Each structure stands twice: as structure tokens, then as C-alpha cells.
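Good morning, and thank you for coming. I should like to walk you through one protein model, residue by residue where that helps.

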Amino acid sequence: MYSHDTRIRVCYGDVDQMGFVYYGNYLKFYEMARGESMRALGLSYREMEERGVMMPVVKAELNYKKPAHYDDVITVRTIVEKMPQGVRMDFRYEVYDEKGQLLNHGFSQLAFVKKDGLTPCRCPEYLSALLEPYFA
């Protein structure tokens, strides 16, 4: 299993009139954390795209426990529980406040597609090679 923690400070533009993080912004936080987790693994999305592979989201799910608020520092844990199989890769997310309380959890599934033509393709070998040590 591979996991990575990303800390994010909630800005004023992330909250709604009640002072809670607007629900749609959790998907943005997931994306930010997913990008940072890939970068920590040793590969950026930009590099994958330059190598001809893109990863659109094909499924997303969010589950709320408690709200985050303006100026909170949240930790988004990005978890890859299994090696990518075929043309899809699953990510799980857990969002914690500074006290370690679970605020939110979710899931996204991304597909691997060729940049030229957007046709599905298998997980690139260079990504599999970076993930392999976490699943040995």
C-alpha cells in the first residue's frame, strides 16, 4: 500500500456562507493531494502527460463526517491500496483536522488514456515500477 499526506490551509474562498468548506472543494483538495502524492512517488502528472499518458477521473465519491472551516489546516491522506490493474487506478482519501479527527473520506478512480486520441491504455510501466516497492 502506498500513502502520502498533504497539508492544506483552508482559504476564505473555500468556505460557504456558513463558514464550512464548500462540499465541492473536497474534490479539489483530493486532486491537490493526489498530485502531491504522485510527485512524492517520483512522477508528476505533467511528466506523464509529456510522456503521452493522461489520467481523467471517471468516478468520484465523497463522505462527510465533520466540517472543516476557514483557516483550518487539514491533512489529506492519499492512499493507493492496490497496484493499478488494466486501464484504471483507484485512490482513497482521508481528510483530518489538526487534532487528527476524520472530517471526510472519499474515493476516485482514474483511467489511463493516450494523450493522442484519448484511447484507453494500460498503466505505464514507469509508474508501476515506482509503485512496486510498496506492494512487494
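Please look first at N25. Leaving aside its neighbours within four places in sequence, N25 is in contact with G13 and D14. With D14 there is a further detail: a polar atom of the N25 side chain lies 2.9 Å from the backbone oxygen of D14. N25 itself has its place in helix α1. Is N25 buried or exposed? N25 counts as buried because its relative accessibility is 14%, and the cut-off for that word is under 20%. I should say at once that this is a predicted model, and every value I quote is computed from it.

Let us turn to the interior. The largest nonpolar core has 32 residues, and those that touch the most other members are M55, I74, V76, F91, F112 and L127. Several elements give two or more residues to this core: the helices α1 (25-41), α2 (45-50) and α3 (125-131), and the strands β1 (2-9), β4 (73-80), β5 (88-96) and β6 (102-111). Which element gives the most? It is α1, with 6 residues. As a general remark, nonpolar side chains in soluble globular proteins tend to be buried together.

Two residues let us see this interior from different elements. The first topic is I8, which has its place in strand β1. I8 is classed as buried because its relative accessible area is 7%. Not counting residues up to four places away in sequence, I8 touches F29, M32, D72, V73, I74 and V76. Among these, I74 and V76 were named a moment ago as core residues that touch the most other members. Consider also F29: I8 and F29 are 21 residues apart along the chain, and their C-alpha atoms are separated by 7.8 Å.

The next topic is M48, found in helix α2. Its relative accessible area is 1%, and therefore M48 is buried. Which residues does M48 contact, leaving aside its neighbours within four places in sequence? They are M38, L43, V53, M55, F112, P124, Y126 and L127. P124 deserves a word: M48 and P124 are 76 residues apart in sequence, and 8.8 Å apart in space from C-alpha to C-alpha.

We now move to a pair of residues on the strands. T75 has its place in strand β4, and E94 lies in strand β5. T75 counts as buried because its relative accessibility is 15%. E94 also counts as buried, because its relative accessibility is 16%. Setting aside residues up to four places away in sequence, T75 touches D5, T6, R7, E94, V95 and Y96. On the same basis, E94 is in contact with T75, V76, R77, I79, L102, N104 and H105. The side chain of E94 is also joined to that of R92 by a polar contact of 3.0 Å. Finally, E94 and Y30 are 64 residues apart along the chain, with their C-alpha atoms separated by 9.0 Å.

Next, the empty space. Rolling a probe the size of a water molecule over the atoms shows where such space is left. The largest pocket has a volume of about 220 Å³. Its lining is made of 13 residues, and E31, R34, G35, Y45 and R46 lie nearest the centre. The elements that give two or more residues to this lining are α1 and α2. Of the elements, α1 gives the most to the lining, with 6 residues. How many residues of the lining are nonpolar, polar and charged? The division is 5 nonpolar, 2 polar and 6 charged.

My last topic is the backbone. Most residues other than glycine have a negative phi. Two residues in loops are worth finding on your screen with this in mind. D71 is not a glycine, yet has a positive phi of about 75°. The place of D71 is in the loop between β3 (57-64) and β4. D71 counts as partly exposed because its relative accessibility is 39%. L118, again not a glycine, has a positive phi of about 55°. L118 is found in the loop between β7 (113-114) and α3. With a relative accessible area of 53%, L118 is exposed, the cut-off for that word being over 50%.

To close, I return to α1, the element that gives the most to the largest nonpolar core and also the most to the lining of the largest pocket. Thank you for your attention.

Notes. Residues are numbered from 1 along each chain as its sequence is written. This is a predicted model: local features need pLDDT of at least 70, side-chain atom pairs count only at pLDDT 80 or more; totals for chains, interfaces and linings use all residues. Side-chain values use heavy atoms; hydrogens and water are left out. A nonpolar core is a set of buried Ala, Val, Leu, Ile, Met, Phe, Trp, Tyr and Cys residues joined through side-chain atoms within 4.5 Å. Buried means under 20% relative accessible area, exposed over 50%, partly exposed in between (1.4 Å probe, protein chains only). Helices (H or I, at least four residues) and strands (E, at least two) are DSSP runs, numbered from the N terminus. On a 1 Å grid over the protein atoms alone, a cavity is a set of points where a 1.4 Å probe fits but cannot get out, and a pocket is an open set with protein on both sides within 12 Å along at least five of seven lines; lining residues have an atom within 4 Å of a point. Grid points are joined across faces, edges and corners, and a volume is the space filled by probe spheres set on the points. Ala, Val, Leu, Ile, Met, Phe, Trp, Tyr, Cys and Pro count as nonpolar, Asp, Glu, Lys and Arg as charged, and the others, Gly among them, as polar. A polar contact is a pair of N or O atoms within 3.5 Å; within protein, one must be able to donate a hydrogen and the other to accept it, and residues adjacent in sequence count only if both atoms are side-chain atoms. Contact means heavy atoms within 4.5 Å.
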